[in-house]
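Trainee: Could you take me through one part of this structure closely? I'd like to see how a single helix sits in its surroundings, and then what else is worth a look in the rest of the chain.

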Amino acid sequence: SRSIALRDVSKRYGRGSLAVERVSLTVEPGEFLVLLGPSGCGKSTVLRMIAGLEEITEGALYLDGEYANHVPPSERDIAMVFQSFALYPNMTGRANIGFPLKLRDPRGDHEPQVEATARMLGIEDLLDRFPGQLSGGERQRVAMGRAISRQPSVFLMDEPLSSLDSKLRTHLRAEIARLTAELGVTTVYVTHDQSEAMSLGHRVAVMRGGVLQQVSSPRDTYALP
Ligand code: ADP
Ligand code: ADP
């Protein structure tokens, strides 16, 4: 795992106003940081800048202390999971989870790593099914498997549970906590759900209107709408 540091990072889309304004934030190796705030406050933009999917307008990103503003996404060793599962519909769970490994090493035997990943997520029995044959929660587990199979050092999640019902959300929440602890991966998790933030975060960073308002331990995170 590795550290992430943002220094006075701002983002402007086109000629619009600032979507993110002078955000400074450090995530320690192996830490689970939650970015919490209402829709439109800039959480996804911060995440996408860390992943390299969005250009940084001003300020600096450091990955493990190295200036990383211009490092291509594929060289950041970062995995990302979104709200919409985005699995390949014509591939089985096995093929979906193995896909990133195959990209990296087309001739290798990735079966052991796929199996190990599936075991970690408790989805061994889903490997030969297609996404269309899976429930929402099962699909999100497979999507997580695809993200972590190549053992990234940073794991970014953007509202990964928000399309699921509340019972499943609580269940998967616990699984995400266990999984990321087991992997020891540095994690940034975006949500607008305060209870989710409190239960998952080692620290919670609260954003509002593009600005970082406070970063604190979950029990000290108050003053929310
Ligand atoms: P969320 O609210 O879940 O963070 P959005 O619905 O705001 O996600 O964004 C979904 C997609 O639409 C993203 O890829 C984002 O970049 C894009 N998007 C969001 N707002 C705008 C906008 N004002 N103009 C163009 N694209 C946008
Ligand atoms: P959140 O993740 O907190 O919902 P976003 O980072 O998606 O917030 O959006 C922050 C602001 O930037 C919003 O006003 C949104 O409309 C705008 N925005 C996001 N993506 C784009 C885009 N691709 N083009 C233009 N504006 C965008």
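**A helix on the edge of a sheet**

Mentor: Happy to! Let's start from a pair of residues: Ile 78 stands opposite Val 154, which belongs to β7. Please keep in mind throughout that this is a predicted model. The two strands here are β6 and β7, which pair in the parallel sense over four bridges. Your helix, α4, packs on the sheet and touches both β6 and β7, with a direction at about 170° to that of β6.

Now step back to the sheet itself. It is open, has six strands in the order β6-β7-β8-β3-β9-β10, and its pairing is mixed. β6 and β10 (211-216) are the edge strands, each pairing on one side only. Averaged over the sheet and with direction ignored, neighbouring strands are turned by 15° against each other. So that you have a second helix for orientation, look at α1 (residues 43-51). Helix α1 lies across β3 (32-36), β6, β7, β8 (186-191) and β9 (203-208), and runs at about 155° to β7.

Back to α4, which covers residues 136-148. Its 13 residues reach 19 Å from the first C-alpha to the last, close to the 18 Å expected at 1.5 Å a residue. How much of α4 is covered? Mostly: ten of its 13 residues are buried. Near its start the buried residues include Gly 137, and further along they include Gln 140, Arg 141, Val 142, Ala 143 and Met 144. Gly 145, Arg 146, Ala 147 and Ile 148 are on the list of buried residues too. In an α-helix there are 3.6 residues a turn, so residues three or four places apart point the same way. What does the covering? Among the elements over the buried residues of α4 are two strands, β6 (78-81) and β7 (154-158), and three helices, α2 (93-104), α3 (111-121) and α5 (166-183).

The loops on either side of α4 make a nice contrast. In the loop between α3 and α4 you'll find Leu 127. With a relative accessibility of 2%, Leu 127 counts as buried, because that value is under the 20% cut-off. Setting aside residues up to four places away in sequence, Leu 127 touches Thr 92, Gly 93, Arg 94, Ile 97, Val 114, Glu 115 and Ala 118. For a sense of distance, Leu 127 and Thr 170 are 43 residues apart in sequence and 24 Å apart in space, C-alpha to C-alpha. The loop between α4 and β7 holds Gln 151. Gln 151 has a positive phi of about 55° although it is not a glycine. Its relative accessible area is 54%, so Gln 151 is exposed.

A second residue with a positive phi is worth a visit: Asp 8, at about 50°, is not a glycine either. Asp 8 sits in strand β1 (residues 4-12) and is partly exposed, at 36% relative accessible area. Strand β1 also contains Lys 11. Lys 11 has 6% relative accessibility and therefore counts as buried. A polar atom of the Lys 11 side chain lies 2.8 Å from the backbone oxygen of Glu 55. Beyond four places in sequence, the contacts of Lys 11 are Ser 17, Leu 18, Ala 19, Val 20, Thr 45, Met 49, Glu 54, Glu 55 and Thr 57.

Two of those contacts, Ala 19 and Thr 45, also lead us to the ligands. Ligand 2 is surrounded by Tyr 13, Ala 19, Pro 38, Ser 39, Gly 40, Cys 41, Gly 42, Lys 43, Ser 44, Thr 45 and Arg 48. An oxygen atom of ligand 2 is 2.5 Å from an N or O atom in the Thr 45 side chain. For Cys 41, the pairing is between a polar backbone atom and an oxygen atom of ligand 2, at 3.1 Å. A nitrogen atom of ligand 2 is 3.4 Å from an N or O atom in the side chain of Tyr 13.

Ligand 1 has Ser 39, Ser 44 and Arg 48 around it. The side chain of Ser 44 places an N or O atom 3.2 Å from an oxygen atom of ligand 1, and for the side chain of Arg 48 the corresponding distance to an oxygen atom of ligand 1 is 3.0 Å.

Key
Residues numbered from 1 in each chain as written. Chains lettered and ligands numbered in written order. Predicted model: local features only at pLDDT ≥ 70, side-chain atom pairs only at ≥ 80, totals over all residues. Heavy atoms only, no water. Expected span 1.5 Å × (residues − 1). Buried < 20%, exposed > 50% of the residue type's maximum accessible area, 1.4 Å probe, protein only. Contact = heavy atoms within 4.5 Å. Pairing = 2+ DSSP bridges. Axes fitted to C-alpha atoms, helices over the stretch in contact; angles between N-to-C directions. Near = heavy atom within 4 Å. Polar contact = N/O pair within 3.5 Å; in protein donor to acceptor, adjacent residues only side chain to side chain.
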